[in-house]
Amino acid sequence: MDFKPLRNHIMQLAISGQLVPQLDSEPEVKQIGPAPEKVPFAIPEKWKWVQLGEVFSMQAGKSIRASQIADSGLYPCYGGNGLRGYVDSFNVSGTYNLIGRQGALCGNIHLVSGDFYATEHAVVAKHSDVIDPRCAYYFLTSLNLNQYATATAQPGLAVSKIAKVYCPLAPINEQHRIAAVVDDLFGRLDQMESAYSEFAGPMTEHFRNTVLQMAISGQLVPQLDTEPEVKQIGPAPEKVPFAIPEKWKWVELGKLLPFGRSKQVKPEQIPANSWLLGLEEIESNGGLIRKCYDWESINSNKSAFKAGNVLYSKMRPYLNKAIIADEDGFCSTELLVLDVNQAHLPLHAGFLLYFLRAPYFVIMATKHSHGQKPRLDIKEGKKFLVPVPPLAEQRRIVAKLEELFFGVDKLGSLVAFT
């Protein structure tokens, strides 16, 4: 369960004046500096849009040799990405928001109190008396200052550019109340997240594994007399991993469909604007983490796949991750392209996908993955036995799994909001 969207939503409510009520007794904010001609979103009447440089004095920290930073010491040392370590002296004392100004994570915000050292890669933002530092931390985080970074190999944020960014300014007492409410809500979310990871997460995983095992052993949906028996492909095995219904058949994976063979293409055969999928771009629960366009350096052959093909990762740590491709493309040869249209028995892509994720197959594949970079032994993988139901039952199994998993995901969402 990902709690980040909920946190972002709370922050957006806070920065737009929708998290706590406005009070008639609180005065209107005075306009400080020039008002913007255009604003990104509406704010309450008593609030004002102000440039950060009008309400913060900002200055980069001072450089320090890396050799002077240790894992322990008297004072924390903060750089562009937060805490770097500890040093024996400090150059800042008090409560400040630090803005990372160098590196891929520039624009990140850290609220720091006490005596500490700020390096040249951190902007020390000293707030004026119209600013609550805790509320400012949440507002600055919501502004996503990284979007103003220079688009270079080493992204950076100029202090002069940060100073011109506009931010909503609420009455000071309302800022206090906003900070208190966000602190409280985030504290509750931390507890929920911890409880979910300790209880709901493993429980959900156990449920998925149980249901998947039921699905591939014929215990998830009833068998129908109207559905034909599956044809036996190859010799029937003498020993089987577990019992299956009478109409099902055990078939070796290599005899069921081309396993480990895929159409490979040379780099120069890959059209521009094609998307390429690597090991790290697939999720265990299905779908793509990201799509990669226009790879500039393709120095090895890739496998071509079609929409509807099942893509299975044969290499650790991505072993046993699989998806169904939603469009044509190309992928790393560490992904196996499985085309159910080439199967020697009627085979549903969804059923094959869930079979590859079932504990039975996962355990076998893990057991038979070897090498310096462990990967599934294809020769052994071809011998794995697959329980094949009638095609109509495969469809019903997939529909039932999707229904159950959708319910589990909804339950996870309800747990998060409880």
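These are my notebook entries on a predicted model of one protein chain.

**Entry 1: the overall picture**

I began with the whole chain. I counted 10 helices and 20 strands. Of the 418 residues, 44% are buried. Then I looked up contacts between residues at least 6 apart in sequence, and found that 69% of them join residues at least 24 apart.

**Entry 2: a buried charge**

Next I went to Glu-174, which sits in helix H5, residues 172–216. Does Glu-174 have a salt bridge, or has it none? It has none, although Glu-174 is buried. Arg-177 offers the nearest side chain of opposite charge, and it is 4.4 Å away. A salt bridge needs the two atoms within 4 Å, so this pair does not count. I did find a polar contact of 2.7 Å between the side chains of Glu-174 and Gln-22. Setting aside neighbours within four places in sequence, I listed the contacts of Glu-174 as Val-20, Gln-22, Glu-26 and Trp-47.

**Entry 3: salt bridges**

I then looked up the salt bridges, and the count is 11. Which residue does Arg-177 pair with? Its side chain meets that of Glu-26, at 2.9 Å from N to O. Arg-177 is in helix H5 and Glu-26 is in the loop between helix H1 and strand E1, 151 residues apart. Glu-26 is buried because its relative accessible area is 7%, under the 20% cut-off. Arg-177 has 22%, so it counts as partly exposed.

I noted a second bridge between Glu-229 and Lys-249, at 2.4 Å. Glu-229 lies in the loop between H5 and strand E9, and Lys-249 lies in strand E9, 20 residues away. Glu-229 is exposed at 52%, whereas Lys-249 is buried at 14%.

A third bridge joins Glu-380 and Lys-383, with the closest N and O atoms 3.9 Å apart. Glu-380 is partly exposed at 27%. Lys-383 is partly exposed too, at 45%.

**Entry 4: cavities**

How many cavities of 30 Å³ or more does the structure hold? I found 2. The largest has a volume of about 90 Å³. Its lining includes Val-50, Phe-56, Ile-131, Cys-167 and Gln-175. Helix H2, H3 and strand E8 are the elements that each give two or more residues to this lining.

**Entry 5: an unusual phi**

Last, I checked Asn-144, in the loop between helix H3 and helix H4. Its phi is positive, about 50°, yet Asn-144 is not a glycine. Most residues other than glycine have a negative phi. With 43% relative accessibility, Asn-144 counts as partly exposed.

Key. Residues are numbered from 1 along each chain as its sequence is written. This is a predicted model: local features need pLDDT of at least 70, side-chain atom pairs count only at pLDDT 80 or more; totals for chains, interfaces and linings use all residues. Side-chain values use heavy atoms; hydrogens and water are left out. Helices (H or I, at least four residues) and strands (E, at least two) are DSSP runs, numbered from the N terminus. Buried means under 20% relative accessible area, exposed over 50%, partly exposed in between (1.4 Å probe, protein chains only). Lys and Arg count as positive and Asp and Glu as negative; His and the chain ends are not counted. A polar contact is a pair of N or O atoms within 3.5 Å; within protein, one must be able to donate a hydrogen and the other to accept it, and residues adjacent in sequence count only if both atoms are side-chain atoms. Contact means heavy atoms within 4.5 Å. On a 1 Å grid over the protein atoms alone, a cavity is a set of points where a 1.4 Å probe fits but cannot get out, and a pocket is an open set with protein on both sides within 12 Å along at least five of seven lines; lining residues have an atom within 4 Å of a point. Grid points are joined across faces, edges and corners, and a volume is the space filled by probe spheres set on the points.
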